[in-house]
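Subject: Structure for your files, with notes

Dear colleague,

I am handing over the structure we spoke of, and I would be glad if you would look through it with the notes below at hand.

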Amino acid sequence: SQQTQSGKDVLVDPKRAILEKMQALTSTNGPATKDQQHALITSRLFIFYCLHYGDNKNEYADFILPLLPMAFESIKPGRVSEEEEEEEGELDSEVRMLQAQVVKGFRYSIAEISASCFVTYNNSDDLSKVLKNLDEVSHNDVWQVRHAAAHFLRCFQGCHKFLFTANQTKKSTIIVSKLLADERKEVSAAAMSALTGILASTPSQTVDGMVEKYTKKANKSVIKKKKMKDNSSGKSSERELKRAMNQQTSVYFLCAAVLSKPYDTPNYVPKALTALSRHSFEKSAPFTVREAVKLTCREFKRTHMTDNWEIHKEQFTQEQLEALDDVVSIPHYYA
C-alpha cells in the first residue's frame with residue numbers, strides 16, 4: 001500500500017509499479033551512471049525469468065511486450081557522465097564495463113524474445129502489438145537499434161509465420177522494406193535477410209504482384225547520364241537522393257525475392273533477375289547495389305545451374321537468359 005497526502009492507504013498495483021519503474025530507466029537522455037546500469041541489469045534478469053520461469057501464460061503480454069521498447073533502447077551505445085569522467089579512471093572503466101554488459105545482455109534477451117513462442121495462445125492482438133513496437137523501433141536514430149529490429153523480425157516471423165494473418169504479414173513486409181534503404185549497410189543487409197524469410201512463406205501470387213511493382217520502380221531508378229545543366233538547386237539533390245533510395249529498396253527487394261526460392265523457379269524469378277541485371281554495371285548503380293546483385297546472381301547460379309538447369313531454363317525467355325548471362329558469366333581474359 002501507499003500513503004497519500006490525506007493519510008489514507010491506497011493499494012498499488014504491483015504489476016503497474018514494476019513496469020513504470022523499468023520503463024523509466026531509458027526515458028532519460030542523460031549520461032549513463034552506475035545505478036542506472038545496475039537497474040537495467042536487474043530489468044534484464046526480470047525479463048529472463050518471465051520468459052523461462054513464468055507460470056502464467058499471460059506474462060508475455062503483461063510484462064514482456066510493454067518492456068520490449070525499453071529492451072531495444074538499452075542496446076544503444078551509452079556515454080559516461082562528465083562528473084564520472086573527471087573522477088578516477090577505475091570508476092570510468094567500471095561504468096563502461098557495465099554498459100557493455102547491459103548491451104550484450106539485452107541483445108541476448110531480444111533474441112530470446114523473438115524466438116520464443118509465448119504468443120501462441122490464440123491471441124492475435126499480441127502479434128499486432130509486437131509489430132507495432134517494431135515499427136516504432138525501426139525508425140530509431142541509432143543504427144544499432146534498427147539493426148536489432150531487423151534481426152528480431154526475421155526470427156519472430158519465422159517462429160510465428162503460421163499464426164500471422166494476411167494483414168500482419170503485410171505489416172511485417174512494410175517494416176523491413178523501409179529498412180532496405182537504410183544508409184547503414186548492416187541494417188539494409190539484415191532487412192534483406194528478414195525479407196527473404198518473409199517472402200519464402202508468402203504465396204507466389206502475392207510475391208509475383210510485389211515483384212511487378214518493384215521491377216517498375218527498379219527500372220525507373222537506374223542512374224541516367226547527366227545532362228549539361230545547372231544542378232545547383234536543392235531540388236536536384238533531393239531528386240537524386242530519392243532516386244538512390246528507390247534504387248536500393250527495389251533492388252534489395254528483388255534480390256530477396258530471388259533468394260527466397262533457392263531450388264525453385266517461380267514465374268517471378270526470371271522477371272526479377274532480368275530487372276536486376278540492369279543494375280550490375282558501374283554506370284547504372286553504386287557499388288553496394290552492384291555487389292548485392294552479383295551476390296544474388298552468384299547464389300542463383302550455385303543453386304540452379306546444376307544438373308536440373310535444363311528444367312529451370314524452361315521458365316526463361318531467350319532475352320531473360322541473355323540478361324542473366326551478362327551477370328553470371330565470367331569475362332574471358334582475351335575479351
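What follows is an account of what was found in the structure, going from the whole chain to single residues and pairs.

Please bear in mind that this is a predicted model. The chain holds 15 helices and two strands, and of its 335 residues 43% count as buried. Among contacts in the chain with a separation of 6 or more, 73% are between residues 24 or more positions apart. The chain exposes about 19800 Å², of which 51% is supplied by carbon and sulfur atoms.

On the interior, the largest nonpolar core has 78 residues, and the members that touch the most others in it are Phe 72, Leu 134, Phe 152 and Leu 273. In soluble globular proteins, nonpolar side chains tend to be buried together. Once its neighbours within four places in sequence are set aside, Phe 72 is in contact with Ile 110, Leu 134, Val 137, Val 145, Ala 148, Ala 149 and Phe 152, so that two of the residues just named for the core, Leu 134 and Phe 152, appear again in this list.

Helix H2 lends itself to a check of geometry: with 19 residues (34-52) at 1.5 Å a residue, H2 should span 27 Å, and because its end C-alpha atoms are 27 Å apart, the model agrees with that expectation. The buried residues of H2 are Gln 36, Gln 37, Leu 40, Ile 41, Ser 43, Arg 44, Ile 47, Cys 50 and Leu 51, a list in which polar residues such as Gln 36 and Ser 43 stand beside nonpolar ones such as Leu 40 and Ile 47.

Another buried polar residue is Thr 196, which is placed in helix H9 (residues 185-200). Its relative accessible area is 15%, and Thr 196 is therefore buried, the cut-off being under 20%. Leaving aside neighbours within four places in sequence, Thr 196 is in contact with Ala 256, Leu 259 and Ser 260.

As for charged side chains, the count of salt bridges comes to ten, and three pairs may serve as examples.

In the pair Arg 16 and Glu 20, the side chains meet in a salt bridge at 3.1 Å, N to O. Because these two residues are four apart in helix H1 (residues 14-23), about one helical turn separates Arg 16 from Glu 20. Arg 16 is exposed at a relative accessible area of 56%, whereas Glu 20, at 43%, counts as partly exposed.

Arg 146 and Asp 182 also form a salt bridge, with their closest N and O atoms 2.6 Å apart. This pair links distant parts of the chain, since Arg 146 is in helix H7 (residues 143-160) and Asp 182 in the loop between helix H8 (166-179) and H9, 36 residues apart. Both Arg 146 and Asp 182 are buried.

In the pair Arg 243 and Glu 240, the closest N and O atoms of the salt bridge are 2.8 Å apart, and the two residues, three apart in helix H11 (residues 234-259), are separated by about one helical turn. Arg 243 counts as buried at 15% relative accessibility, while Glu 240, at 39%, is partly exposed. Apart from these pairs, Asp 208, Glu 212 and Lys 271 are joined into one network by salt bridges that share partners.

With kind regards

How values were computed. Residues numbered from 1 in each chain as written. Predicted model: local features only at pLDDT ≥ 70, side-chain atom pairs only at ≥ 80, totals over all residues. Heavy atoms only, no water. Expected span 1.5 Å × (residues − 1). Buried < 20%, exposed > 50% of the residue type's maximum accessible area, 1.4 Å probe, protein only. Contact = heavy atoms within 4.5 Å. Areas by Shrake-Rupley, 256 points an atom, 1.4 Å probe, with all protein chains shown as cover. Core = buried A, V, L, I, M, F, W, Y, C linked by side-chain atoms within 4.5 Å. Salt bridge = Lys/Arg side-chain N within 4 Å of Asp/Glu carboxyl O.
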